[in-house]
Amino acid sequence: MSEITAPKSPVTAEQFADEIREQLKYAQGVTVEQATPADVYVAAAVAVRHHLMDSWMQTQHDMVNGTTKAVGYLSAEFLMGKQLRNALLNAGLTEQYNAAIESLGFNLQDVVDTEYEPGLGNGGLGRLAACFIDSLASLGVPAFGYGIQYKYGIFKQEFDKDGKQVETPDYWLANEEPWGHIDYNRSQKVSFGGKVVKEGGKKVWKPAWSVRAVPVDYMVPGYASGRVNTLRLWSAKAEDEFDLLTFNRSEYLSAVKPQVKAENISKILYPEDSTKEGKQLRLEQQYFFVSASLHDAIRVFYPGESKPDLTTLPDKIVFQLNDTHPVIGIPELMRILIDEYGYDWDTAWSITNKTFNYTCHTLLPEALEVWPADLIGELLPRHLEIIEKINEQFEAELKAKGVGAVTIKDMAIYTGDSVRMAYLATYGGSHVNGVAELHSQLLKDVTLKNFSDVYPDKFTNVTNGVTPRRFIKLANPRLSDLITEGLGTDKWLSDLELLKGLEPLAADDEFVRKFAAVKQANKVDFANYAKREYGFDLDPDTMFNTMVKRLHEYKRQALKILALIARYADIKSGKLSADDVMPRTVIFGAKAAPGYYLAKMTIQLINNVARVVNNDPDVKGKLNVYFPWNYNVRLAQHLIPATDLDEQISQAGKEASGTGNMKFALNGAMTVGTLDGANVEIRERVGAENFFLFGMTVDEVDKLYADGYGPRKYYEADPRLKAAIDMVADGTFSNGNKDTYAPLVSDWLSKDWFMTLADFHAYTAIQSEIEALYAQPLEWNRKALINVANSGYFSSDRSISDYLERIWHTGPLPALA
Ligand code: GPU
């Protein structure tokens, strides 16, 4: 018998059905007979929220009145995914919901399907934030997620008839949104612009305009913890609508302009991932949510106090800066402490320094935000002064430590014309962490080397993780049941290292066959899903080979597509006899930033390779390529459990961590990957013999750059590579038009910054190893199972435990009575 520990609310299915009926009638004004699945979804969501309310209040009470320090996770992105199933799971209401919905005469899936996914993030960074707040609540740690409720999330991706990406707005708030509670009574005023004047020997900021930050609260229920935290997303509203009344009629329209400008702040998520442009609106967004959040924390932790003792702030809450986006919080807290509460500089600095920590998520120089000083000066003049002063103090400190003048200049936070946010964060907070061991090492050795030399103790690592509730239990119920069967308990859902207990079962052929059957059933499900949603015809009897992530040159979708073209050419030319070909279905998912030219061209190429390959009778049944558009959390939850082989093929030293790699390993896919990001740790844990490693290492990459990299050499030396690139150039994938991909081809041959061509040979060479193993299903699945068994470390619960121990120095609230 399996030991089931999953929480179950005492509410019965009948009660739950009654609550839905009541909500439909008294709030939504429809009878059960009139209700659509979308109505029932809203009513069910409200009912779940009601069931979480007591725990939510209790958690807040215990947080504010107890002595456990809380965590404030400041993030410009929270990529939450759909909420209903997750909330039901964590609240222990899944069975009651299922029974209630059926008793009301509705189909479970129809209701769930009406939920619209909020896309308030670009990719890995935003999804990590969502996993982290799930884990914080599940571990019982009091926490706030603080961010922005964008009116438009990440764009919806479509493909036009030429296979080009087309972006359309994601107006998610046009749908009823039952999860967020808008709390107009707890808003904050956030000001911008103007100037700083001296009044009575004190600096006083006289802003030019203000907006009202209104919190929208989302409950974040923990799994099996009885705790419910808060995700507080700020929405911008005009500050003072009544001012309009003082204008006469002729000025009315121009008087409305500031209100419109105010509400623009939270209107749209910037769709760039890992490349940041210094746009004024973006800085407005950053300051807007950070200023509101800091004031909110003071309100929450010092209720009703007009003269709070803010020297205790670092004992009440610790803020984590999720990348550089919220780093303006450092000068903002200084300003609040000095200007609003009258603290002296040194006291304010000591509080600020203890309160903030910074997570860096990149190794790409262009992803480290640098703001033009005049932009900051115009928008936040007082902050620019504070930043200058921080920089002076910093330089003096470096000098006192004996750091040389040249290095001091290199390390400047404020250069005179720009402000380097990563440096400000590193100096201004207590700890800096990277998101995988290799990444943290490279931060110390390269990106932030000077800082690590002077402040070695600040630097630490916390390897990323993913929540097993959403990415195993909800996404892959079959595998979840098998794991519970294998382990004899479902405790793994809150202690993922228990998966280790599956390892002996890898020697049990019968269990491995069950594991293989789970994968096969998931593939059939995905094929049906892809048919329904996209009209694709996937053959579940072929290998499902997936590459899903943002489209970026460093991630090297180009490597995958070139290898695929080479294989296509081999089959077509007869070099590879049809009998020798392991049939594959290659699945891509990726959005490109709208202004990222080469990335968008790569999307177009993939779509056209898919068109040509899928329509060529010569390769029928051997090779198929699909590119489901609009990759999002929902698609990830369907596709990951159905994948046999996952691609993690970034150039070594470029992917900070990756989190998709963890989701795939936990769902029983094998990985083909480079020694980059968290791949290194995955391979270490699952065993080198259970991971398809290829490609250059970081050192080899560095050496090649140093020696002078010329991609053409590789093109000339490898006939298969040459043929593949020539086919892109000669119009094979553009109806004969040789210009279509010319910029891409020219980049490959003359620049190829991420060394796709240099790794091509190694990447194609490992394919035969992959196929030899896939030809032995039992052995393949044995290895895939070993991947699952050894990936428990990649739970975001473990990441959060590491943050608690290494950075936040806090823990769970006292156990509930
Ligand atoms: N990442 Br910087 C993003 O998703 N967006 C960004 O703007 C930056 C980083 C990703 C990293 O590319 C990925 O390697 C990592 O796993 C993820 O953040 C979470 O740490």
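**Exercise 1. The two domains**

How many residues of domain 1 are in contact with how many residues of domain 2? Work this out on the predicted model, then describe the domain 1 side.

Solution.
- Step 1. Set the bounds. Domain 1 covers 67-82 + 117-464 + 801-808, and domain 2 covers 474-794.
- Step 2. Count the contacts. 42 residues of domain 1 are in contact with 30 residues of domain 2.
- Step 3. Find the elements on the domain 1 side. α6 (124-138), β3, β4 (165-168) and α16 (437-447) each supply at least two residues of the side that touches domain 2.
- Step 4. Sort that side by class. It has 14 nonpolar, 17 polar and 11 charged residues.
- Step 5. Take the distance between centres. The C-alpha centres of domain 1 and domain 2 lie 35 Å apart.

**Exercise 2. The ligand shell**

Find which residues are closest to the ligand, and state why the ligand is placed between the domains.

Solution.
- Step 1. List the shell. 19 residues surround the ligand, and the closest are G124, L125, H361, T362 and S657.
- Step 2. Sort by class. The shell has 5 nonpolar, 11 polar and 3 charged residues.
- Step 3. Assign the shell to domains. Domain 1 and domain 2 both give residues to it, so the ligand lies between them.

**Exercise 3. The largest nonpolar core**

Name the residues of the largest nonpolar core that touch the most other members, and place the core relative to the domains.

Solution.
- Step 1. Pick out the best-connected members. Of 236 residues in this core, A44, I133, F288, L424, L562, V609 and L785 touch the most other members.
- Step 2. Find the main contributor. Helix α21 (residues 557-573) gives the largest share, 10 residues.
- Step 3. Place the core. Both domain 1 and domain 2 give residues to it, so this core lies between them.
- Step 4. Look at one member. Leaving aside neighbours within four places in sequence, L785 is in contact with L502, L505, A506, V512, F515 and G668.

**Exercise 4. Two helices**

Compare the buried residues of α19 with those of α10.

Solution.
- Step 1. Start with α19 (residues 477-487). The buried residues are L479, S480, L482, I483 and G486.
- Step 2. Check their directions. They cover an arc of only 165 degrees around the axis, which puts them on the same side of α19.
- Step 3. Recall the helix geometry. An α-helix has 3.6 residues a turn, so residues three or four places apart point the same way.
- Step 4. Find the packing partners. The buried residues of α19 pack against α18 (468-474) and α20 (509-534).
- Step 5. Turn to α10. G329, I330, P331, E332, L333, M334, R335, I336 and L337 are buried.
- Step 6. Draw the conclusion. With 9 of its 12 residues buried, α10 is largely enclosed by the rest of the structure.
- Step 7. Look past the helix ends. G488 follows α19 with a positive phi near 75 degrees. G342 follows α10, and its phi is positive, near 75 degrees.

**Exercise 5. Positive phi outside glycine**

Decide whether A224 is buried or partly exposed, and do likewise for D323.

Solution.
- Step 1. Locate A224. The loop between β9 (209-221) and β10 (228-238) holds this residue.
- Step 2. Read its backbone. Phi of A224 is near 60 degrees, a positive value in a residue other than glycine.
- Step 3. Count neighbours. A224 has 19 C-beta neighbours inside 10 Å. Burial needs 20 or more, so A224 counts as partly exposed.
- Step 4. Locate D323. This residue lies in the loop between β11 (317-322) and α10 (329-340).
- Step 5. Read its backbone. D323 has a positive phi of about 70 degrees, although it is not a glycine.
- Step 6. Count neighbours. With 28 other C-beta atoms within 10 Å, D323 is buried.

**Exercise 6. Two phenylalanines**

List what F155 touches and what F132 touches, away from their sequence neighbours.

Solution.
- Step 1. Place F155. It sits in the loop between β2 (143-148) and β3 (156-159).
- Step 2. Test burial. F155 has 20 C-beta neighbours inside 10 Å and so counts as buried.
- Step 3. List its contacts. Not counting residues up to four places away in sequence, F155 touches E167, T168, P169, D170, P271 and P594.
- Step 4. Place F132. Helix α6 holds this residue.
- Step 5. Test burial. F132 counts as buried, with 28 C-beta neighbours inside 10 Å.
- Step 6. List its contacts. With residues up to four places away in sequence left out, F132 touches Y73, S796, S799 and I800.

Notes. Residues numbered from 1 in each chain as written. Predicted model: local features only at pLDDT ≥ 70, side-chain atom pairs only at ≥ 80, totals over all residues. Helix = DSSP H or I, 4+ residues; strand = E, 2+ residues; numbered from the N terminus. Contact = placed C-beta atoms within 7 Å. Arc of directions from axis to C-beta. Near = placed C-beta within 6 Å. Nonpolar A, V, L, I, M, F, W, Y, C, P; charged D, E, K, R; others polar. Domains from an automatic or database assignment. Core = buried A, V, L, I, M, F, W, Y, C linked by C-beta atoms within 7 Å.
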